[in-house]
Amino acid sequence: MEFLGTSQTASYCGPKKDRGFTALPPAEPAPEIRECYQPYYLPGYRYLNSWRPSLFYKISNAQPCEDDGAPYRSALRPPTILPALRSALFCRYSPHDWDRSTDQQIRGAEASRLWASRLTGDSMQLMQDKDQLTRQMQEGTSRNLGQRLSDIGFWKSELGCELEKLLNENHSMETVKRRLECAAEELNCPLQVALECLYHREKRIGIDLVHDNVEKNLMREVDLLKCCQDHMRKLAQRIDIQMRDNRDAQHALERDLDDKSSAQFIDEKCFNLRNTSDCISFFHGMEKIDGTVSVPETWAKFSNDNIRHSQNMRANSIRLREEAENLVETLSDQMWKQFTNTNLAFGARISEVTDVKNKLQTQLAKTLQEIFQAENTIMLLERSIMAKECPLKVAQTRLESRSRRPNVELCRDIPQFKLVNETFTINDTLQTLRLRLRETQDMLQLLVMTKCRLEHELAIKANTLCIDKETCMSMRKTFPCTPRLVGCT
């Protein structure tokens, strides 16, 4: 029986000791072999391959020496297992595994190469398609810009022609007005005061811009002053209003013409841009911003409406110039009565606005007090939250430290349970405090917004009082006497 799988440090595997007999011929020294392969063992399977008698069957059937003392010596010790043969006991793969791995590597390399070739071809085709699409879109955009420049040039010429006609008409109206100003000079002063009051009251802000009794009386006063004038004065007033309308139409035409000049300059600059231009750059996200305010139909309609409005204004001016006559007529008593009623309406309105302003100031003071209390509450809540963070850190640090206990010591004991419960409780407390902090902050924001609204309302009321009490009433302290109203002086 052969002893296979033994270690090389066994006594019978070492060099032969001298027993006092030399019947066997001296063995040649075996070459020194170092094993460079260290086999890998799974846990529990280290010695399963160390007993393989089939690999050493031929070794056990080795022929003994032919001399007379061979049977006796072979019975004394088993043959030694050579170190070169021991490395074969721990081979991990078979030739079939090696061939299969090589075949898989080759097939994988061919598949990767084929996929890379297809991807390269598709990428080249994609680049060509996208380059062609980009060129086509850029050419189409350039054509559209050219068409747009043509449209802008057409409307600029139309607007310029109409503006020139309107300027000539305004010059003619100014000539007629100068001829009628002498007769209407005396009534222009109270009329101008009433109109200025209306204009100043248009500077009121927000909710105070109401159609109140003051505005109604001012409008009636203006109408009455116009009715108290003779036909020439009425015509002069109508001419003045018409000239304002003409100026509005003129400003609309000039503004439209300036806008079209600016748009033409920008579109020409865009039309002349090329891929090799120096002034091009990236403006990321501009395609996602839609800052347009019109479409081509409404854009053309806007200029067309301005031209039509200017034509209507010129037609009205022509009719007024044809109706010019010199008739004088006054109603001084009615004008004085209307002047007094307007002043009384101003006084009542000023008293009402002053009372509302006082109430708003009271509410503002209370709101400021509430804001102060809310800020103190927020400060206390923040301090409370900061005070809870250190206990939470302690509990979490304890949990993290206890999670490193080894093996069975990692027990869910009462301290562990208490620490988890403490962590959850502190987290809930922090969440509740943060929720209350957010609610208080929202309330503070609401109070701040209320304060801003109150301050805004106070500013509105102060502006209204300034307009009515200081600006308008200061202009209405005097009124022309009757002889001057009737045009005698």
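K203 counts as exposed, at 53% relative accessibility; the cut-offs here are under 20% relative accessible area for buried, over 50% for exposed and partly exposed in between, with a 1.4 Å probe and protein chains only. K203 lies in the loop between α4 (95-201) and α5 (213-227). Its contacts, leaving out residues up to four places away in sequence, include N463 and I467, where contact means heavy atoms within 4.5 Å. Along the sequence K203 and N463 are 260 residues apart, yet their C-alpha atoms are 8.5 Å apart in space.

A word on ground rules: this is a predicted model, so local features need pLDDT of at least 70 and side-chain atom pairs count only at pLDDT 80 or more, while totals for chains, interfaces and linings use all residues. Residues are numbered from 1 along each chain as its sequence is written, and side-chain values use heavy atoms, with hydrogens and water left out.

Zooming out, the chain has 10 helices and zero strands, taking helices (H or I, at least four residues) and strands (E, at least two) as DSSP runs numbered from the N terminus. Of its 489 residues, 27% count as buried. Take the contacts between residues at least 6 apart in sequence: 88% of them join residues at least 24 apart. The accessible surface comes to about 34,500 Å², and carbon and sulfur atoms own 56% of that; the areas come from the Shrake-Rupley method with a 1.4 Å probe, and for residues only the protein chains shown count as cover.

Now for the charges. Side chains of opposite charge can pair when their charged atoms come close. The whole structure has 20 salt bridges, each one a side-chain nitrogen of Lys or Arg within 4 Å of a carboxyl oxygen of Asp or Glu. In one of them, R314 pairs with E162, with 2.8 Å between the closest N and O atoms. That pair links distant parts of the chain, since R314 is in helix α7 (residues 296-322) and E162 in helix α4, 152 residues apart. R314 counts as buried at 18% relative accessibility, and E162 is buried too, at 3%.

Back by the loop where we started, E215 and R204 form a salt bridge at 3.1 Å, N to O. E215 lies in helix α5 and R204 in the loop between α4 and α5, so this bridge ties together parts 11 residues apart in sequence. Both E215 and R204 are buried. They also belong to a network of salt bridges that links R201, R204, D212, E215, R349, E352 and D468. A more local case is E439 with R436, at 3.2 Å between the closest N and O atoms: these two are three residues apart in helix α9 (residues 414-475), so about one helical turn separates them. E439 is partly exposed at 41%, and R436 is partly exposed at 49%.

How many disulfides does the structure hold? Zero, given that a disulfide needs a pair of cysteine sulfur atoms within 2.5 Å. The sulfur of C197 is 3.9 Å from the closest cysteine sulfur, in C472, which is too far for a bond. C197 is buried, at 0% relative accessible area.

Last, the rings. There are two aromatic pairs, counted when rings of Phe, Tyr and Trp (its six-membered ring) have centres within 6.5 Å; planes under 30 degrees apart are stacked, over 60 edge-to-face and the rest tilted. F154 and W155 make an edge-to-face pair, 5.3 Å centre to centre with 70° between the planes.
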